[in-house]
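Please find below a note for a colleague who is meeting this structure for the first time. The points are numbered for ease of reply.

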Amino acid sequence: MSQRPHASLGRVLDDLGTTLLELVHGNVDRTGVIGGITIHDPLEEPVLPQHALVLGIGLHEQAEVVRLLHDLGRHEATGLVLRAPVALSRELAAAAEESGVALLGLTPGASWAQLAAMLRSLLAEDDVGDAGRETLGGMPSGDLFALANAIAALLDAPVTIEDRNWRVLAFSGGQDEADASRVATILGRQVPERYSRVLTELGVFRTLYRNDRPLYIEPVTETLDSFTMPRVAVAVRAGDEILGSIWAAVSAPLSEERTVALCDAAKLVALHMLRIRAGADVARRLRTDLLSTALEGGAGARDALHRLGLADQPVVVLAMATPDSTGAEATAVTERQRLADGLAMHLNAVHSRCAAALLGDVVYGLIPVSREDEAERRVVRIATDFLDRVGDRTRAVIGIGPRAQDAADLVAARASADRALRVLRSRKDGVRRVARLVDVHVEALVLELRDLVAARGDGPTGTVARLLAYDAEHGSALVGTLRAWLDAFGDVVGAASSMGVHPNTFRYRLRRLAEVGDIDLADPEARFAAMLQLRVVAPA
């Protein structure tokens, strides 16, 4: 088991290499602690956490990599990951050496998403405000990778720890000693469907989950030619609840001594998995409290930003919600939390120090940005990308606030995001799903004027009041006619078409409403007054 610091590059290579990562050039002991995981975007100025490990997705050109290494060196990044094989030229080695940034290669066949998930799991980046790591059974609490390595040492066999859905939560070193099916499982971070289907048909999982003792599984070479090594598996339980399982690739059945050791290890793994689950809930609540404190301003805002890792840098506030609806509240709460978790994961892929939490019925996010003028537009692209991935089922909308330079600006930035969000939630067409306040400022003002009118109890007056009374008495549509004509900027043909009547009929109604409403339609002030009342006092 590795004794390096939990978040060091050496620890990452110990646990993920050579299955996922290889060191191409650099000194792992020189780089120190990893401060966060960041995906490189060639179109954006980097906003990196201290000692970042950068994923260079899509980088191939040597000149571009050399430039990036020098840039990352100035930002004191820890390492840069490229897709293997990496051709290490003299110029590339010199750039890595000069910048002090370690150069790593991602194994062909492994996905970037899998690597990012594994790294964040390994580095435990979600422990917000955690002052120190607890231990369980002599292992850092929740450190399943260290536990997998310890179990592998006890059994002298490569080990995986999986959840109830056969997703790989952690794995030990020495996986290259196992068969091709194990390698496929590690690279996919999930037991491949063809393996899980055959094992289910053979009743392996049913037997595994019904017993406390380890289950010895012979290779299934008849249907799975890559499954050539036997397995020993044991269920991980918390009382009657199945949390997952431990799998070891072995050459023969375990001795009684190792069987007992594996049973004891399963109990310890259960404690760690429960700690991770409880820790996730605690971290969510803590993050929510810190984000709420930061957005409310006041004396605690700066300290909250510091604990979120967002102090001393500009941030943009994002506010997300679903349009106003009358659905069941329990379903709505579940949907909001699901959206909050999804947004947090999406933002974390953009920058490791992003923060997102559900406050009331709105999900708020804080995104660290550089000091350039396009910060809001960049956040609009991030928000749009998230909603595109979520799809139309949730009909979520997002308001974007202006860049807040420090804690003192956050209250106003949140208010702007809320105002933009309110406009989007009030719309029924669903055409625009992301907006800054500047994009919908006039609509926001109209909504606020409606609030003022409602608070005072004002009703329609003048022309609009007379037309409403006439329509109510005669069953006519003079108010609708005026509204259509104003919306069409006086285009009679277009306004008539919107109401489904002949232009001559519309012209007659127009003359009639001018008489009944006592309005001079040629007067711009009269038109504006009528339009304002129709939008604010008597909206459609």
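The points below concern a sheet, the internal cavities and some backbone features.

1. The model is predicted, and the remarks that follow should be read on that basis.

2. An open sheet is built from 5 strands, arranged in the order E9-E8-E12-E11-E10 with antiparallel pairing. Its edges are strand E9 (168–171) and strand E10 (215–217), each of which pairs on one side only. From one strand to the next, the twist averages 25°.

3. At one edge of this sheet, E10 pairs with strand E11 (residues 231–238) in the antiparallel sense, over 3 bridges. Within this pairing, Tyr216 has Val232 in E11 as its bridge partner.

4. How many cavities of 30 Å³ or more does a search of the whole structure find? The search finds 2. The largest has a volume of about 160 Å³, and the second largest holds about 40 Å³ of space.

5. The lining of the largest cavity includes Thr160, Glu162, Ser181, Arg182, Tyr195, Phe227 and Trp247. Strand E8 (159–163), helix H7 (180–188) and helix H8 (193–201) are the elements that each give two or more residues to this lining. Helix H7 gives the most, with 3 residues. By character, the lining of the largest cavity comprises 6 nonpolar, 3 polar and 3 charged residues.

6. Around the second largest cavity, the lining residues are Met320, Ala321, Thr322, Arg336, Leu339, Leu358, Asp361, Val362 and Val363. Two or more residues come from each of strand E13 (315–321), helix H12 (329–350) and strand E15 (362–368). This lining divides into 6 nonpolar, 1 polar and 2 charged residues.

7. The backbone also deserves attention. Most residues other than glycine have a negative phi, and most peptide bonds are trans. Ala84 and Pro85 are joined by a cis peptide bond, with omega at about 0°. Pro85 is located in the loop between strand E4 (79–83) and helix H4 (90–99).

8. Asp156 is not a glycine, yet its phi is positive, at about 55°. This residue lies in the loop that runs between helix H6 (144–155) and E8. Is Asp156 buried or exposed? Its relative accessibility is 62%, and the cut-off for exposed is over 50%, so Asp156 counts as exposed.

9. Trp166, likewise a residue other than glycine, has a positive phi near 65°. The loop between E8 and E9 contains Trp166. With a relative accessible area of 22%, Trp166 is partly exposed.

Methods: Residues numbered from 1 in each chain as written. Predicted model: local features only at pLDDT ≥ 70, side-chain atom pairs only at ≥ 80, totals over all residues. Heavy atoms only, no water. Pairing = 2+ DSSP bridges. Helix = DSSP H or I, 4+ residues; strand = E, 2+ residues; numbered from the N terminus. Axes fitted to C-alpha atoms, helices over the stretch in contact; angles between N-to-C directions. 1 Å grid on protein atoms, 1.4 Å probe; cavity = no way out; pocket = protein on both sides within 12 Å on 5 of 7 lines; lining within 4 Å. Points joined across faces, edges and corners; volume = space filled by probe spheres on them. Nonpolar A, V, L, I, M, F, W, Y, C, P; charged D, E, K, R; others polar. Buried < 20%, exposed > 50% of the residue type's maximum accessible area, 1.4 Å probe, protein only.
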